[in-house]
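Here is a short set of exercises to work through with the model open in your viewer. Try each task before reading its solution.

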Amino acid sequence: MKQNLVLIGNGMAGMRTIEELLKLAPEKYNITVFGEEPYGNYNRIMLSPVLANEKTIEEIMLNDEQWYVDNNITLQKGNKVTEIQRGYKKVIAEDGTEVPYDRLIIATGSTSFMLPLPGADKYGVIGFRDINDVDTMVESAQQYKKAVVIGGGLLGLEAANGLMKQGMEVTVVHLMNTLMERQLDAPAGKMLKESLEERGMNFLMDHSTEEILGGDRVTGIRFTNGLEIETDLIVMAVGIKPNIDLAQNASLHCERGIVVSDTMQTFDPNIYSIGECVQHRGAVYGLVAPLFEQAKVAANHLAELGIARYEGTMTSTMLKVTGIDLFSAGDFHGDDETDELLFHDVANGVYKKIVIRDNIIVGTVLYGDTIDGTWYFQMMKDETNISDFRTTVLFGQAHLGDAGHGDETRVAMMADSDEICGCNGVNKGDITSAIVEKKLFTLDEVRAHTKASASCGSCTGLVESLLAHTLGGDYSEAPSKKPLCGCTDYTHDEVRSAIREQGLETHETVRRFLNWKTEDGCPVCRQATNYYLLCEYPDYNDPQSRFINERAHGNIQKDGSYSVVPRMFGGLCTAKDLRAIADVADKYEVPEMKVTGGQRIDMFGIQKEQLPAMWKDLSEAGFVSGHAYGKAMRTCKTCVGDSWCRMGTQDSTGLGVKLEELTWGSWMPHKYKLAVSGCPRNCAEATIKDFGVVCVDSGYEIHIAGNGGIKVRVTDFLVKVDTEEEVMEWCGAFSQLYREDAHYLERTAPWVERVGLQKVKDALATAELRKPFYDRFVVSQKPAQIDPWKKHADGADANEFTPIKV
């Protein structure tokens, strides 16, 4: 029999909880929703565009009335709950309606804080929180000309901008001498004020209101310094306060907000509370991202899964104020123990400030150019040591080579036809349309609907910036915990820790122990979990949890055929090797062959059913798989070194062969490329590889985390060693550290940028520290270096290569 669930508050936080609950347990409850406003659930963030005539009410609706009907939800719109009778477990509305509950959610949000001024009760004095306030402002703009907005924060500036677009003359009154002082420091606030003044907005800074003048309707305002100005409308935007009256009257424990636990339960375990009315661990939140995180946790417990916890959210604020991009996070004021990195370009309207304590970012404020805000914020959360790139961090991630960042791709300046995601061919217009039309709020939702950022991930920062640019207002991305996928609330690191600490050895035990939401998982979590399991247990492998390329051990092409790349260690080959490849190409009528950038030969156009026989011939000729298809060690590119080259300083080819013999076959979080250059002229391009060696007269320089992809990233220098044996040790140890620490599908470049180069150096600083990593890598290579081509040529998994007969 279904239980009764009542939601008080038909806003974004409460309704997101209902949406999450319907995903988990659609048949568990009879649901009743009470809302004070006569509408469905709308996007409160978008009230400012409605005021500015850029959106209509219909366009900002998230759940229209038909949605409630379709989901068998009873909507009591325009009906305020006036009493909660906890003893009888029922709620009573102002029209007398009584509804019993087994579980209750209080999501009453917040109310505008109205200054207790003489005359504040006059007609024409309003807040800015709902559709009714917008209607009042629009109506006033049609009859009157002058408006005053009290409060120079985000809400006040958005109200002022909307009223200006309605044709009113607007003055913003602010108590402080800096606009948006909670998000901006003094220089950025000054730039914002000057920019808004150029657009026609007036300001009275350092002004405190004494009295609101007029008869029944406001006609003016007087300040404590004696100044009086005329006005026909006053909008108070001095802040919000949690709406806790109903909870207090029900004797629920409240402080600044309704106090809840990590499960979003109040002191009455039958009553949950989420959103702006809530106080969790002493904090209250007014941005979207924390509220949506709370909604997921509450839904998890209402569905009686009981595994999720809300541990608070480190928030950043990415805003768009009247067309000006702003970003802030953390402690951007600093103190005597912090350093500041500053960039101030007055002519171009750009200001950047990063506050650092012990080489860790603790706060940042950006004005005009916010493209790197999400990157700085991620480093803040991860406490990344930036000492190795401190001198360039202010210039952004583009300086480090990560695709999707840089001045040239600033989202505000991009045309709708400009491509954002190269992997999936998604342009800016596709993403913005999806955000608006499908009411998307998070990166995961954009990925699900557009595929942008869903492949290599290099455009993630750009997509997040586009989300903020499109949503504006209260948008806040990057919650402190991003789950591995939608099947679980656990992160990559938490899943890996559970496998290690609990001795979980199969997909089934992982999903069962961590209470997966889906019985069999999804392609995202199956592939990631498969990698984490085989990394912990080298003999483990579930072929059905791999990409088709890895199941078929060949690269599938656009026409459904495959390419075959035999391994040539260090790029070396003999005439006999070339004849064997030519014989195979003739026998199987290979339509095209090509020498690859990794110094191999690629044969194209092979049909899937031909693969085992071709592999058999190649295996008998002495070849093994080149793993050009896998999230694995690919190649070790070399130059000829001192064997032939006049400039060579060491035997780079010989060392490359040894490195490839050590690492071939190893499964990695992503593709993994090596190179050895025989001198600093770097003909093998070692400084754009995952692990690169540059030979010098006195030894070997080791470089890591390079990328030669969409956006080139030069490697970080790791260490200089004297002997080939030391290079081999460092290679095995670094490779295993990457295998054990990086997230699945995370290349070495973003991994090192995420955790910090110093972490890698510290983990491998001494021979005693490197040895366990090296030893584990060698152990993992024993099953990995069983050639998959020979194995399948001998008949293993024959059904994978047998055509289906129609």
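**Exercise 1. Charges over rings**

Which residue lies over the face of Phe773, and at what distance from the ring centre?

*Solution.* Before starting, keep in mind that this is a predicted model.
- Step 1: Select the ring of Phe773 and look over its face; the residue there is Arg776.
- Step 2: Take the distance to the ring centre, which is 4.9 Å.
- Step 3: Repeat this at Tyr88, where Lys90 lies over the face at 5.5 Å from the ring centre.

**Exercise 2. Classifying aromatic pairs**

Classify the ring pairs Trp375 with Phe389 and Phe734 with Trp751.

*Solution.*
- Step 1: Start from the total, since a search of the whole structure finds 14 aromatic pairs.
- Step 2: For Trp375 and Phe389, the ring centres are 6.1 Å apart and the planes meet at 25°. Planes under 30 degrees apart count as stacked, so this pair is stacked.
- Step 3: Place the two residues. Trp375 belongs to helix α9 (residues 373-382), while Phe389 sits in the loop between α9 and β28 (419-421), so the pair ties together parts 14 residues apart in sequence.
- Step 4: Check their exposure. Trp375 is buried at a relative accessible area of 6%, and Phe389 is buried at 10%.
- Step 5: Turn to Phe734 and Trp751, whose ring centres are 6.0 Å apart with planes at 50°, so this pair is tilted.
- Step 6: Place these as well. Phe734 is in helix α20 (residues 724-741) and Trp751 in helix α21 (residues 748-755), so the pair links parts 17 residues apart in sequence.
- Step 7: Phe734 is buried with a relative accessible area of 0%, and Trp751 is buried with 1%.
- Step 8: Widen the view: Phe734 and Trp751 belong to one aromatic cluster with Tyr672, Phe691 and Tyr738.

**Exercise 3. Helix packing around α13**

Describe how α13 packs with α15 and with α20.

*Solution.* Two packed helices are described by the angle between their axes and the distance between the axes.
- Step 1: Helix α13 (residues 492-502) and helix α15 (residues 523-536) have axes 10 Å apart and pack at an angle of about 40°.
- Step 2: Name the arrangement: α13 and α15 are therefore oblique to each other.
- Step 3: Assign the hand of this crossing, which is right-handed for α13 and α15.
- Step 4: List the contact residues. From α13 come His492, Val495, Arg496, Ile499 and Arg500, and they meet Ala528, Tyr531, Tyr532, Leu533, Cys535 and Glu536 in α15.
- Step 5: For α13 and α20 the axes are 10 Å apart and the angle is about 105°. Angles from 65 to 115 degrees count as roughly perpendicular, so α13 and α20 are roughly perpendicular to each other.
- Step 6: Here Asp493, Arg496 and Arg500 of α13 make the contact with Arg739, Glu740 and Asp741 of α20.

**Exercise 4. Surroundings of a helix**

Is helix α18 largely enclosed or largely open?

*Solution.*
- Step 1: Find the buried residues of α18: Leu611, Pro612, Met614, Trp615, Asp617, Leu618 and Ser619.
- Step 2: Seven of the 10 residues of α18 (residues 611-620) are buried, so the helix is largely enclosed by the rest of the structure.
- Step 3: Identify the partners. The buried residues pack against α16 (548-552), β31 (562-564), α17 (575-587), β33 (601-606) and α24 (788-793).
- Step 4: Move past the helix to Gly622, which follows α18 and has a positive phi near 105°.

**Exercise 5. Positive phi outside glycine**

Compare Met180 and Glu383: what is phi, and is each residue buried or exposed?

*Solution.* Most residues other than glycine have a negative phi.
- Step 1: Phi of Met180 is positive, near 50°, and phi of Glu383 is positive, near 55°.
- Step 2: Met180 lies in the loop between β13 (169-174) and α6 (186-198), and Glu383 in the loop between α9 and β28.
- Step 3: Met180 is buried at 1% relative accessibility, whereas Glu383 is exposed with a relative accessible area of 53%.

**Exercise 6. Contacts of a loop residue**

What is Ile244 in contact with, leaving aside its neighbours within four places in sequence?

*Solution.*
- Step 1: Locate Ile244 in the loop between β19 (240-242) and α7 (245-249).
- Step 2: Ile244 is buried, with a relative accessible area of 9%.
- Step 3: Its contacts are Cys254, Glu255, Arg256, Gly257, Ile258 and Cys277.
- Step 4: Check one of these, Gly257: 13 residues separate Ile244 from Gly257 in sequence, and their C-alpha atoms are 6.3 Å apart in space.

Key
Residues numbered from 1 in each chain as written. Predicted model: local features only at pLDDT ≥ 70, side-chain atom pairs only at ≥ 80, totals over all residues. Heavy atoms only, no water. Buried < 20%, exposed > 50% of the residue type's maximum accessible area, 1.4 Å probe, protein only. Helix = DSSP H or I, 4+ residues; strand = E, 2+ residues; numbered from the N terminus. Contact = heavy atoms within 4.5 Å. Phe/Tyr/Trp six-rings, centres within 6.5 Å; stacked < 30°, edge-to-face > 60°. Lys NZ or Arg CZ within 6 Å of the ring centre and 35° of its normal. Axes fitted to C-alpha atoms, helices over the stretch in contact; angles between N-to-C directions. Parallel < 35°, antiparallel > 145°, perpendicular 65-115°, else oblique. Left-handed = near helix turned anticlockwise from the far one by under 90°.
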